[in-house]
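Open the model in your viewer and keep the selection panel handy. We will go from stop to stop, and at each one I will suggest what to select and what to look for.

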Amino acid sequence: MRFLSSTARLAALICTAAYAFSQPAYDLLLQGGHVIDPKNGISAVRDVAIKNGSIAAVAAHLDPSAALKVVDVAGLYVTPGLVDIHVHAFAGTGERGSYAGDLSVYPDGFTLRNGVTTVADAGCSGWRNFEDFKNRVIDRSKTRVLAFLNIVGAGMRGAKYENDLADMEAAPAAEMALRYKGLIVGIKTAHFAGPEWTPVEHAVEAGTIAKIPVMVDFGTDRPERPIAELLARKLRPGDIYTHCYSGLRHELDDSGNLNPGMLEGRKRGVIFDVGHGNGSFAWRVAVPALKQKFLPDSISTDLHAGSMNSSMKDMLNVMDKFLAMGLTVDEVIRRSTWNPAREIQHEELGHLSVGAPADVAVLSLQTGRFGFTDMYGARLQATRKLVCEITVRNGKVVYDLNGITRTDWDKLPKNYMQTGDPRWDGIMPQGRTAPAPSGKGK
Ligand SMILES: [Zn+2]
């Protein structure tokens, strides 16, 4: 500046001021959608504005001229980005037959296209290999990937490891969880076949030290450790019982009534999570349980290589199943956003409060003839189905099924090149920039 003439200095100042004026108040405005934000008690038509990766405003009407990009989402639901707290995402190690390997999937291929912006890996890694998981997947994913740490030090690598009582130490698990506080959101115990309570007890011990919940896949059904004792005595309020509609551990008694232990656990504050998977959701359990008003606290997929093309498919399919059993869209969204975010102590997620990370799902509710299958291949027919139209992650559109955010090709300049603007567009390839400012409009 010191070498500039006073005229040039003035010109520079004017330019800066003009630039400041030209900076729109919002990067992205989702206009006229039906917002469902259970945490804030909103279920109504609202505009949602986003700036610098955060929710900037939610109101009945926001000025479209204040936004760089306006997207008309009338007739669609606008919800917080979905939070799936039971997935298996420790892919890429090359280990066969292992959830720390081939049985896991890379999350981005399954999440963003379903409105899911946050997942929690359910115990694929233990304290011995969590950092490898972090390096391979967590640090490289567009999806926000969090983790339940397996109480088994070696992680979820098959029966030989998962039944090894000697490798279920609370202290090193808790130490790793504290080292990565916020990233490690809980302790997992799973797939245990023995009669001992050790895995549950050590998981609770680690969870108590690290002040995080425990998630239980209760493994083989054993008379020595009945579910009622787990739910009524062993778990703490806030601990999570996943696979709650599998029926594999007497969640219902022989006459189809809820196990009193389930009710007692709920009364004590134990959390019940779906964890659908390939072997943990049966209509003959879920339908009677819901008729007895036993709704899940959170809806989750148990996504892995074996469930993704089986009865489970994806997050929206699991949510559709609860619509099919009579829950409202609002009830289903609550259990896929704010409830799971709270369960994993990430209260900054799962809602659209001003200042929250701008993770958003835009969903359509389609009607027609649809069928939904369970772990045994039994079908339930229904007429409603959620479809993900747009996913916004960290303020940027990262998925857009029908190009709602895009311009028709024949309305662009004849030799058009890359469209979009990196301030709202997370789809345009990195390094490829739009040749001219994209301006406003749809
Ligand atoms: Zn699982």
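Start by selecting L28 and K69: L28 stands opposite K69, which belongs to β4. Now widen the selection to the two strands. β1 (residues 26-37) and β4 run parallel and are joined by five bridges. Colour β4, residues 67-72, by burial and you will find that five of its six residues are buried, making the strand mostly covered. Please keep in mind throughout that this is a predicted model.

**The seven-stranded sheet**

Next, select the strands from β6 to β12. They form an open sheet of seven strands with parallel pairing, in the order β6-β7-β8-β9-β10-β11-β12. Which strands are at the edges? They are β6 (82-87) and β12 (271-272), each of which pairs on one side only. Zoom in on the β6 edge: four bridges connect β6 in the parallel sense to β7, residues 116-126. A handy landmark here is V83, which stands opposite T118 in β7.

**Helices α5 and α4**

Stay with the sheet and add helix α5 (residues 198-210). Helix α5 lies across β9 (184-189) and β10 (214-216), and runs at about 165° to β9.

Now add helix α4, residues 170-179, and show the side chains of A173, A174, M176 and A177, the buried residues of this helix. Look down the axis of α4: these buried residues fall within an arc of 160°, so they line one face of the helix. The spacing fits a general rule: an α-helix has 3.6 residues a turn, so residues three or four places apart point the same way. What does the buried set of α4 pack against? Its partners are β7, α2 (130-136), β8 (144-150), β9 and α5.

The pairing of α4 with α5 deserves its own view. The two axes come within 8 Å and cross at roughly 35°, and the crossing is right-handed. To see the contact, select A170, A173, A174, A177 and L178 on the α4 side, then H202, E205, A206, I209 and A210 on the α5 side. The residues of this contact divide into eight nonpolar, one polar and one charged.

**Helix α8**

Move on to helix α8, residues 283-291, and highlight W283, V285, A286 and A289, which are buried. Viewed down the axis of α8, the buried residues fall within an arc of 165°, so they too line one face of their helix. Show β14 (379-393) as well, since the buried residues of α8 pack against this strand. Just after α8, select K293, whose phi is positive, near 65°.

**Two more positive phi values**

Why pause at such residues? Most residues other than glycine have a negative phi. Select H250, which is not a glycine yet has a positive phi of about 65°. You will find H250 in the loop between β11 (240-241) and α7 (260-268). Is H250 buried or partly exposed? H250 has 14 C-beta neighbours inside 10 Å, so it counts as partly exposed.

Finish at N394, a residue other than glycine with a positive phi near 55°. N394 sits in the loop between β14 and β15 (396-400). Because N394 has 17 C-beta neighbours inside 10 Å, it counts as partly exposed.

Note on methods: Residues numbered from 1 in each chain as written. Predicted model: local features only at pLDDT ≥ 70, side-chain atom pairs only at ≥ 80, totals over all residues. Pairing = 2+ DSSP bridges. Contact = placed C-beta atoms within 7 Å. Axes fitted to C-alpha atoms, helices over the stretch in contact; angles between N-to-C directions. Buried ≥ 20, exposed ≤ 12 C-beta atoms within 10 Å, placed from the backbone. Arc of directions from axis to C-beta. Left-handed = near helix turned anticlockwise from the far one by under 90°. Nonpolar A, V, L, I, M, F, W, Y, C, P; charged D, E, K, R; others polar.
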